[in-house]
Amino acid sequence: MIIDLPSTSTSALNRRLVDLRETGGAVALGRVLTLVICTGDEEAEEAIAAANDASREHPCRVLVVARGSRRGANRLDGQIRVGGDAGASEVVVARLYGELARHGDAVVVPLLLPDAPVVAWWPGEPPAVPAEDPIGAMAQRRITDSGAARRPLKALQALAAGHAPGDTDLAWSRVTLWRGLLAAALDQPPHDPVRSAVVTGAEDSPSADLLAGWLGLALGCPVTRVRSEPGSGIVGVRLERGSGDVELVRPEGATALLTAPGQPERQVSLPPRSVRDCLAEELRRLDPDEVYGDVLTQGLRALARPRRAAEAGGSSREDARRRLAGHRAAERETAAAVRGAEPQDAPAEPGPTDDSEVVAGAGAGEPVGSELVPDDGGASAA
């Protein structure tokens with residue numbers, strides 16, 4: 001259910017929420033936090049959809065501060081969404097126009113849930129110092145997305161300069177699966193120390209930078225950041241050891257190849273993470289993410305950035321594509337052989353028809369008549 005309240009006030013929005021709760025029970029009371037989304041008017045719907053999905057894991061009140069044009073008279077257009085249009089949350093959209101667009105914090109305060117944590121999220125261009133933003137100052141957690149900024153790496157550098165406990169970034173959440181797979185690979189023998197590492201990723205990918213910074217801090221080794229074409233995301237990671245390299249390469253799609261010494265090359269699931277998944281992960285904790293803070297403020301400083309990938313020996317996407325295609329072709333051949341080996345439409349209890357048939361109780365491979373029946377499970381017929 002969507003209720004529009006044009007040219008309204010925060011008091012009217014609050015009264016309407018109370019009316020909905022008392023008359024129809026449309027708004028449940030089990031909210032664990034208030035999520036404040038700071039966005040532009042045009043980008044609000046995509047952010048609301050992600051918040052609705054994440055709210056099924058974290059029931060909350062979602063306050064959307066959608067800043068519109070600052071020209072013209074001050075106006076607050078309100079909207080309340082409950083039920084199927086709000087996931088497991090209640091959504092209050094406040095579209096601000098005129099000079100009011102500069103004072104989103106004044107609109108947010110009367111609508112906050114009492115005695116509940118506040119989380120602020122900027123799905124688009126982040127503020128340079130989230131903790132000093134008027135809305136960020138009232139939040140325990142501040143979520144940005146440097147990957148959605150016009151200049152992602154510049155945004156990441158600004159966030160590093162103005163970092164405060166409680167800050168986090170969805171670019172960091174996008175590397176969670178990469179971190180888990182690499183850590184699991186290093187848990188397997190041999191347990192040689194990693195001498196150096198190479199991270200290949202798009203030149204405009206803050207996630208690749210954060211992954212490289214994390215490896216440098218966690219392993220205490222030099223890490224080279226190799227740039228690939230823009231928009232390619234993270235391509236691969238190579239950990240160089242004396243006993244052999246560990247390499248994780250994702251050429252495309254949701255499948256990656258993991259290579260480790262003494263083990264066969266494996267295909268692993270490594271899909272790109274959605275905004276909903278990343279947001280839900282960040283809402284699971286309300287305490288400061290100290291690992292992200294260390295990576296942002298310390299790990300990024302030590303990265304070496306060669307100009308061309310070929311000079312640093314980065315992971316080859318084309319080579320990984322060929323290897324992945326070979327794995328898939330081998331899987332198809334194996335599946336076809338298995339299907340061919342299975343008897344098709346065989347009768348439940350076949351009986352002999354002449355002297356050349358296999359008699360009941362005869363062992364496979366024993367001569368019957370003048371022929372030898374092969375013991376190959378029927379594969380010879382394929």
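The following exercises, with worked solutions, concern a predicted model of a protein.

**Exercise 1.** Describe the overall make-up of the protein: its secondary structure, its buried share and its exposed surface.

*Solution.* Begin with the secondary structure, which comprises 11 helices and 16 strands. Next, consider burial: of the 382 residues in the protein, 44% are buried. Finally, turn to the surface, where the protein exposes about 18900 Å². Carbon and sulfur atoms supply 51% of that area.

**Exercise 2.** Among contacts between residues at least 6 apart in sequence, determine what percentage join residues at least 24 apart.

*Solution.* Take the contacts in the protein whose residues are at least 6 apart in sequence; 74% of these join residues at least 24 apart.

**Exercise 3.** Classify the aromatic pair of the structure and locate its two residues.

*Solution.* The structure holds one aromatic pair. The ring centres of Trp172 and Tyr292 are 6.0 Å apart, and the ring planes stand at 50 degrees. Planes under 30 degrees apart would count as stacked and those over 60 as edge-to-face; the pair is therefore tilted. As to location, Trp172 belongs to helix H5 (residues 170-173) and Tyr292 to helix H9 (residues 290-297), so the pair ties together parts 120 residues apart in sequence. Both Trp172 and Tyr292 are buried.

**Exercise 4.** State which rings lie beneath Arg75 and Arg179, and give the distances to the ring centres.

*Solution.* For Arg75, the charged end sits over the ring of Tyr97, 4.2 Å from the ring centre. For Arg179, the ring is that of Trp214: Arg179 lies over its face, at 5.1 Å from the ring centre.

Note on methods. Residues are numbered from 1 along each chain as its sequence is written. This is a predicted model: local features need pLDDT of at least 70, side-chain atom pairs count only at pLDDT 80 or more; totals for chains, interfaces and linings use all residues. Side-chain values use heavy atoms; hydrogens and water are left out. Helices (H or I, at least four residues) and strands (E, at least two) are DSSP runs, numbered from the N terminus. Buried means under 20% relative accessible area, exposed over 50%, partly exposed in between (1.4 Å probe, protein chains only). Contact means heavy atoms within 4.5 Å. Accessible areas come from the Shrake-Rupley method with a 1.4 Å probe; for residues, only the protein chains shown count as cover. Rings of Phe, Tyr and Trp (its six-membered ring) pair if their centres lie within 6.5 Å; planes under 30 degrees apart count as stacked, over 60 as edge-to-face and the rest as tilted. A charge sits over a ring if NZ of Lys or CZ of Arg is within 6 Å of the ring centre and within 35 degrees of the ring normal.
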